[in-house]
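Trainee: I'm new to this one. Could you walk me through a few spots in it?

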Amino acid sequence: MRAHACVTIGWCGAEVSLHPSRRRRGRGGRTSLGFRALAPPSVRLSEWELQNHMPSGTILKALIEAGENGPWMRFIRGEITTEEFLKEFGRLCSEISKTSVPVDSFFSLLTSERVAKQFPVMTEAITQIRAKGLQTAVLSNNFCLPSGKSFFPLDRKQFDVVVESCLEGICKPDPRIYKLCLEQLGLQPSESIFLDDLGPNLKTAASLGIHTIKVNDPETAVKELESILGFTLRVGIPNIRPVRKTMEIAKDSLEKYLKDLLGIQTTGPLELLQFDHGQSNPTYYIRLANHQLVLRKKPPGTLLPSAHAVEREFRIMKALANTGVPVPNVLDLCEDTSVIGTPFYLMEYCPGLIYKDPSLPGIEPSRRQAIYTAMNRVLCKIHSVDFKAAGLEDYGKQGDYIPRQVQTWTKQYRASETSIIPAMERLIEWLPLHLPSQQRTTVVHGDFRLDNLLFHPEKTEVLAVLDWELSTLGDPLADVAYSCLFHYLPSSFPMLRGFGDCDLTHLGIPTAEEYFRMYCLHMGIPPIENWNFYMAFSFFRMAAILQGVYKRSLTGQASSATAEQSGNLTELMSNLAWDFAVKEGFRVFKKMPAPKLLTRSYHTWASPQSLLSPTGTRSYSSIPEGFPAQASKGALVISPEGLSPPARELYHRLRRFMEQRVYPVEQELQRHQASGDRWSPSPLIEDLKEKAKAEGLWNLFLPLESDPERKYGAGLTNMEYAHLCELMGTSLHAPEIFNCSAPDTGNMELLVRYGTEEQKARWLLPLLEGKARSCFAMTEPQVASSDATNIEASIREEDGFYVINGHKWWITGILDPRCQLCVFMGKTDPHAPRHRQQSVLLVPMDTPGIKIIRPLTVYGLEDAPGGHGEVRFEHVRVPKENMVLGPGRGFEIAQGRLGPGRIHHCMRLIGSSERALALLKARVRSRVAFGKPLVEQGTVLADIAQSRVEIEQARLLVLRAAHLMDVAGNKAAALDIAMIKMVAPTMACRVVDRAIQAFGAAGLSSDYPLAQFFAWARALRFADGPDEVHRATVAKMELKHRA
């Protein structure tokens, strides 16, 4: 049917149909086509419904509800705005699902790249149709974005005519929009072909006389289209592009070399293009005469030792050619650098499909299952090769593969390191200590994954395994684990898109566990127990690879245009690796025999001191008497005497300072806090700060993980600092004296972890030196700020600045005259996914537009001079360089900031509880009522006993959380952190309340610290998240992991 002259695409949301337009000048006849060019959104929407705990089909039902007058139809006809649509649509979805629906998140998904991504086969077909002289047009059911622009995720240059429903006021299947498109094309219906997957759209097109094709599968649709048009639509080479400027090679010398090698006499031009994948060794497509070749070379410049070994690639593929492993036919290895500048090898081009997206969009579930099964079987073939018979006995060292790999990738990482990544440091220490005891030796590919396989265009058959650069003799399980990386990466992950957030059962893709069991079944081997180790190693190795790619991108040596993104991914990969390391650690721990119980010495002693000093000092140790002190890292130390010698010495110095300098002046400090000068810093506090700094008792809070080089702090672990923090908690004034008070500690750690060097120079150093104070602005009066995604303060970009507007309250420290920095959290994109809407800005306190409305009190206490303020931010303009990490990273930053801070609060609460109990004991010994000392009253004795038990329980839980943060990271300790925030404030309230009761009315006065202890403990049941949030977190994790 060659009479058709054009192609037109009709698109509805994420659906595209193609209709033809007029054939270009010089051609006869006309054609009109319609086909789906984008992936259907139904799978993504089903996943979104599942993730948001909504009944399946809610969105689809809401889309068709009320027919032509429903919110969706009016939205795509341009009759209502985005805001109006989301409001009506959200209400409709909520009525259908009987639950609240986050429609902003739905809209973000609808307009995201995950949904609005064009099928490559359709893009190629459009290119071929236009190359044959046919015009193309797009007929779209689309909508307008909040900006007023229409949402159109296709390249308009692909089409001669574009008809958009939101601009025309009509949409498919209204016959008028078809007629409008045909009119603009100058065509009759009989000259058109329309492809779509929706029956109503096809029915209307057919009633007008347009030829139609129903699209169930893009590949099948394109084949049917080819049969109608009479020419192929898939003749191009996929995944190629013009050669990048930094990757150009000398074509003249290459052409001479090829003619000599192939014996070609023709004078036709050499066609040279570059494949757009391949992060390591640049890969090129070559057409010369009737030869189609692939050239793979080393990148230019100075390279890491043993990296980019194209010689090994050539050797392994040549050796495997007759072993049953599908490999390309290699032709020649050229090590003469005078030809194109670096060594290279040649192989024949093999046409086929490379699936770059491991979720395999647009493919039936059964075919996805078959593709992954074929992938698994090919891996088994590789691992079954008799490497001695293949001449590969010397291809790598036999035995100790994993230890050598850990050493190799550690060296590679060190050679390309650009900054310190805490998780990588932990892995470099952990991996050599947990190596597998037994390993098989086979040929290993080293980079075995779906996009390194070439599949038959029509069958689920692997035609060739590509990219053998990392191949060697080694442990085959490393290959299996590496091929499962994408099971744990999200679909939004840059460069290495995974499907960890997808419903694999719905997709038809085997889970990582099913894939591994399939491998074991094909190989005839039993499953292993230490699978988590292999996953940790695989993510570690990928992190090292990405770091190398990033380092090369800085010098222009990387072959991929996306290489610069890899810098941020190294840390993400290393964190995933550490997650598996933690899982492996727990597996080993559970298998260990129960340890022999140690004899414990728990005792308290009290010395006669004033009632304002702590009269009890604890010495609770889980080690036998006389046992040498343990190193703090790697062991749970519950007594200060069990700390490492440096930390223990620091603890004793801190205690001496507290006893000699802090407790004796507490009354004077309290009087200043109640005086008319209370809103000015106390000169005595400033003097004590200088003394503390001189004695090295300064900035003790920064955890070793955040500051591994000890540039800013004492280099303590979270557990070591927890013991010191408890000691500081015995006095209301101590944390500030040692520059360890909130919110400065959280803000300083935020700057250390996430700040740029410029931000650190301007803000971090003055805070570390104690010359400035800061505040953190997140809580808002008009919303439930316990859910950080509720915040409404806005951050919008304007003329090179960010402009802030918002109403905040309970901003601790903002009233202090020394407060120079406000760390502000607000929304930059309310339409982004819920946890990507927020951003964090560093706002100088002298910026115009910051208006303090009033100070707030906690049970009547002002907490001067820092206080707690209610503040308005009105058109506050902040330079763009003050953004932390980047837009949309606010929730991530806030969560990273809270972990250590919650430990600090809880340990200080334990310190204040100890102080309250000591005061209680001294009080009841000295007071007589009803003829006998209070200490002899049964209720008082019960209070003392109950207080001791509750303090000990809380301390152990907090120390365990701190220990887990040190050895496994904040993410792994999330459950324990939530539990301590549930336990510690409530415990402190009870213990302090008992002490107040023992003191009678005196306990309510400012003569003793008890009233302030109680007020602060009660406030902490809200600060850093209310009890209810932490209880919900604990319950959900309990149900999820321990069912």
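Mentor: Sure, and we'll start with a definition: axes are lines fitted to C-alpha atoms, for helices over the stretch in contact, and angles run from 0 to 180 degrees between N-to-C directions. Keep in mind that this is a predicted model.

Trainee: Is helix 15 oblique or roughly parallel to helix 19?

Mentor: The axes of helix 15 (residues 422–430) and helix 19 (residues 531–554) come within 11 Å and cross at roughly 130°. Angles over 145 degrees would count as roughly antiparallel, and 65 to 115 as roughly perpendicular. The crossing fits neither range, so helix 15 is, relative to helix 19, oblique.

Trainee: Which kind of residue, nonpolar, polar or charged, makes the contact of helix 15 with helix 19?

Mentor: Helix 15 brings M424, L427, I428 and W430, while helix 19 brings F533, A536, F540, A543 and A544. Sorted by kind, there are no polar and no charged residues in that contact, and nine are nonpolar.

Trainee: How many disulfides does the structure hold?

Mentor: Take C822: its nearest cysteine sulfur belongs to C775 and is 3.7 Å away. A disulfide needs the two sulfur atoms within 2.5 Å, so C822 is in no disulfide. For the whole structure, the number of disulfides is zero.

Trainee: Is T99 buried, exposed or partly exposed?

Mentor: T99 sits in the loop between helix 4 (82–97) and helix 5 (103–110). Buried means under 20% relative accessible area and exposed means over 50%. T99 has 32% relative accessibility, so it counts as partly exposed.

How values were computed. Residues are numbered from 1 along each chain as its sequence is written. This is a predicted model: local features need pLDDT of at least 70, side-chain atom pairs count only at pLDDT 80 or more; totals for chains, interfaces and linings use all residues. Side-chain values use heavy atoms; hydrogens and water are left out. Helices (H or I, at least four residues) and strands (E, at least two) are DSSP runs, numbered from the N terminus. Buried means under 20% relative accessible area, exposed over 50%, partly exposed in between (1.4 Å probe, protein chains only). Angles under 35 degrees count as roughly parallel, over 145 as roughly antiparallel, 65 to 115 as roughly perpendicular and the rest as oblique. Contact means heavy atoms within 4.5 Å. Ala, Val, Leu, Ile, Met, Phe, Trp, Tyr, Cys and Pro count as nonpolar, Asp, Glu, Lys and Arg as charged, and the others, Gly among them, as polar.
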